[in-house]
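Student: I would like a close look at a single part of this model, with the criteria behind each term spelled out. Please take one helix and follow it outward into its surroundings.

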Amino acid sequence: MLSTAELDLLLDALPENHRVLATLLRRTAARVSEGLQLKWRYVMEGHVLLTAPTTKGGKKTRTVPIHPQLAAELAAWKQVVNPDGNPDQWVFPGRNPGEHLTRRGFDHALRKAATEIGLGGISTHSFRRSFLTASSENGIPLRAIQSISGHSSLTMLAAYIEVSDQAKNDCVMNGA
């Protein structure tokens, strides 16, 4: 899990298109493939739709509320990449017309930025794990976290949530 400070440093080290994607992943717990396949028609006032065809397993569309910081970044980003407001435009367009940014391109930029700031063990999934763990640490009910993450069961979700030594200590000291 990355701390808030580490996430902020990492985002600041990324180029703009990758930073906006990383912010989306950080604030929605989306998988990188879900973020890459996002079109502007699914970015709405107050929420993002992660449609079934883009989700793991392709079975269920998720509605994820938009954090105010993400809303501001997406609004500014839209003016850069989609000033005409084409709803079928990729939110994260690739180099070639009609294509979206690639997973490989994002992963390369992410690892380069992480190396530059001295963070190891970073992957495209680090944002998802950090969101889920921080939500749990902040006392958000697991069912609410599951509804955002799209995990099929609490067992699957539990595999993503890390438990800090401080949380273990708090459990023992404050438990029954």
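Tutor: What follows starts from one helix and then turns to the core and to a few individual residues. This is a predicted model, in which local features need pLDDT of at least 70 and side-chain atom pairs count only at pLDDT 80 or more, while totals for chains, interfaces and linings use all residues. Residues are numbered from 1 along each chain as its sequence is written, and side-chain values use heavy atoms, with hydrogens and water left out.

The part chosen is helix α6, residues 126–137, where helices (H or I, at least four residues) and strands (E, at least two) are DSSP runs numbered from the N terminus. Because the expected span is 1.5 Å times one less than the number of residues, the 12 residues of α6 should cover 16 Å, and the end C-alpha atoms are indeed 16 Å apart. After α6 comes Gly139, with a positive phi near 80 degrees.

Taking buried as under 20% relative accessible area, exposed as over 50% and partly exposed as in between, with a 1.4 Å probe and protein chains only, the buried residues of α6 are Ser126, Phe127, Arg128, Ser130, Phe131, Leu132, Thr133 and Ser135. Their cover includes α1 (4–13), α2 (16–28), β3 (62–65), α5 (103–116), α7 (142–149) and α8 (154–158).

One residue of α2 shows this surrounding in detail: Thr28 lies in that helix and counts as buried at 1% relative accessibility. Thr28 is in contact (heavy atoms within 4.5 Å) with Val64, Leu70, Phe131 and Ile148, leaving out residues up to four places away in sequence. A polar atom of the Thr28 side chain also lies 2.6 Å from the backbone oxygen of Leu24.

In soluble globular proteins, nonpolar side chains tend to be buried together. Here the largest nonpolar core (buried Ala, Val, Leu, Ile, Met, Phe, Trp, Tyr and Cys residues joined through side-chain atoms within 4.5 Å) has 43 residues, and Phe127 and Leu132 are among those with the most contacts inside it. At least two residues of this core come from each of α1, α2, α3 (32–36), β2 (47–50), α4 (68–81), α5, α6 and α7.

Strand β3 also holds Arg62, which is buried at a relative accessible area of 5%. The side chains of Arg62 and Glu34 are joined by a polar contact of 3.0 Å.

Methods:
Polar contact = N/O pair within 3.5 Å; in protein donor to acceptor, adjacent residues only side chain to side chain.
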